[in-house]
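The following report describes the packing, sheet and backbone features of one protein model, for a reader who wishes to check each statement against the coordinates.

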Amino acid sequence: MKISSEIRLYYRRSLPNNLLRARKEKGYFFNSEGVYCCEPLEDLYRKGMYGIIPTYDYQYRAYNLYKPDFKGISPRIVSRAITSLKEGDTISKFFEYLETLEPNERKELPIGLDRFITKICIPSIQREYGNKNTKTFDFIYVDVCIIHDWERDKKQYIEENLAEIKKRVISRIEGSKRFQKYGIPVNFLKLTSITLTRDDILHFIFELKIK
C-alpha cells in the first residue's frame, strides 16, 4: 500500500509525543524530532501522555485515550507497524512498515470466561504494618482485568461464575514462585474481599486462615 503525502503529513503532526505502545511498565513514542523512544510508563503518565492504541497498565491505573483517525489504513496494519518499531527508528521507518506489512490473520475470539477475563495479574504478597518477619506474609492481592464491553450485566455474570474465577485466581497464586517459597498450601488461604472497580478490575484479597 502506497502512503500518500497527505497521510504522511498527518502522521508526522499527530504521532509525536503520544504514547504508541505500553509493555512491561515501559511506554514507547516518537519524540518531537520523530525518533522512536522509550521511557517508564509512570513518568509518561505523570507528563499526561496518552496513547494511540487503547492499552491499560494495572499498576498505574491509567488508560491511554488518544485515538487519531487512521486515514483509511487498517488499524491492524497500524498496530503491526508500531510493534515492529525499535528504539531509534524514525517515522519514515513507520511509513515503510505501513506500506509493506500485511495484517495478521484474524484469530477466533475466545468465549465465556476466557473472553471475559483479559488478564490475571501477578499476585502481590504483602506483610501488614509492623510485621518484620520476611519469612511470613499477611495478605495476597490479585487483580483480575475483565473485558470492558460485555453483552450482559457484569456483576451478575461475576456472581454466576465466581467459583470458577476464584479457582483461576488460586491457580495463579499457586503457580507464583514467590508464593511457593513460603511452603504454604493454597488451602491455607481464605478470600476476604472482592471488589469490582470502575476501571473493570476485580480486586481479590486473600489472608491466611490461621496466623
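## Helix packing, cores and backbone

In helix 4 (residues 91-100), the residues Ile 91, Phe 94, Phe 95, Tyr 97 and Leu 98 are buried, where buried stands for under 20% relative accessible area, exposed for over 50% and partly exposed for what lies in between (1.4 Å probe, protein chains only). Seen down the axis of helix 4, these buried residues fall within an arc of 160°, so they line one face of the helix; the arc is that of the directions from the helix axis to the C-beta atoms. The model is predicted, so that local features need pLDDT of at least 70 and side-chain atom pairs count only at pLDDT 80 or more, while totals for chains, interfaces and linings use all residues. Residues are numbered from 1 along each chain as its sequence is written, and side-chain values use heavy atoms, with hydrogens and water left out. Helices (H or I, at least four residues) and strands (E, at least two) are DSSP runs, numbered from the N terminus.

The buried residues of helix 4 pack against helix 1 (5-14), strand 2 and helix 3 (75-84), with contact taken as heavy atoms within 4.5 Å. In helix 1 the buried residues are Ile 7, Tyr 11 and Ser 14. Viewed down the axis of helix 1, they fall within an arc of 75°, so they line one face of the helix. The face of helix 1 turned away from this buried side carries the exposed residues Ser 5, Glu 6 and Arg 13, whereas the cover over its buried residues includes helix 3 and helix 4.

Phe 30, which belongs to strand 2 (residues 26-30), counts as buried because its relative accessibility is 0%. Leaving aside neighbours within four places in sequence, the contacts of Phe 30 include Leu 15, Asn 17, Tyr 36, Ile 91 and Phe 94. Phe 30 and Gly 88 are 58 residues apart in sequence, yet their C-alpha atoms are 9.2 Å apart in space.

An open sheet of three strands has the order 1-2-3 with antiparallel pairing, two strands being paired if DSSP finds at least two bridges between them. Strand 1 and strand 3 (36-40) stand at the edges with a single partner strand each, so one side of each is left without a neighbour in the sheet. Strand 2 and strand 3 run antiparallel and are joined by five bridges, and Tyr 28 stands opposite Cys 38 in strand 3.

The largest nonpolar core has 26 residues, and those with the most contacts inside it are Phe 116 and Ile 140; such a core is a set of buried Ala, Val, Leu, Ile, Met, Phe, Trp, Tyr and Cys residues joined through side-chain atoms within 4.5 Å. Among the elements that give two or more residues to this core are strand 8 (139-146), helix 7 (162-174) and strand 10 (201-208). A second, separate core of 20 residues includes Ile 7, Tyr 28, Phe 94 and Leu 98.

Most residues other than glycine have a negative phi. The table lists two non-glycine residues with a positive phi.

| Residue | Phi | Loop | Relative accessibility |
|---|---|---|---|
| Asn 17 | about 65° | between helix 1 and strand 1 (21-23) | 36%, partly exposed |
| Asp 200 | near 65° | between strand 9 (189-196) and strand 10 | 9%, buried |
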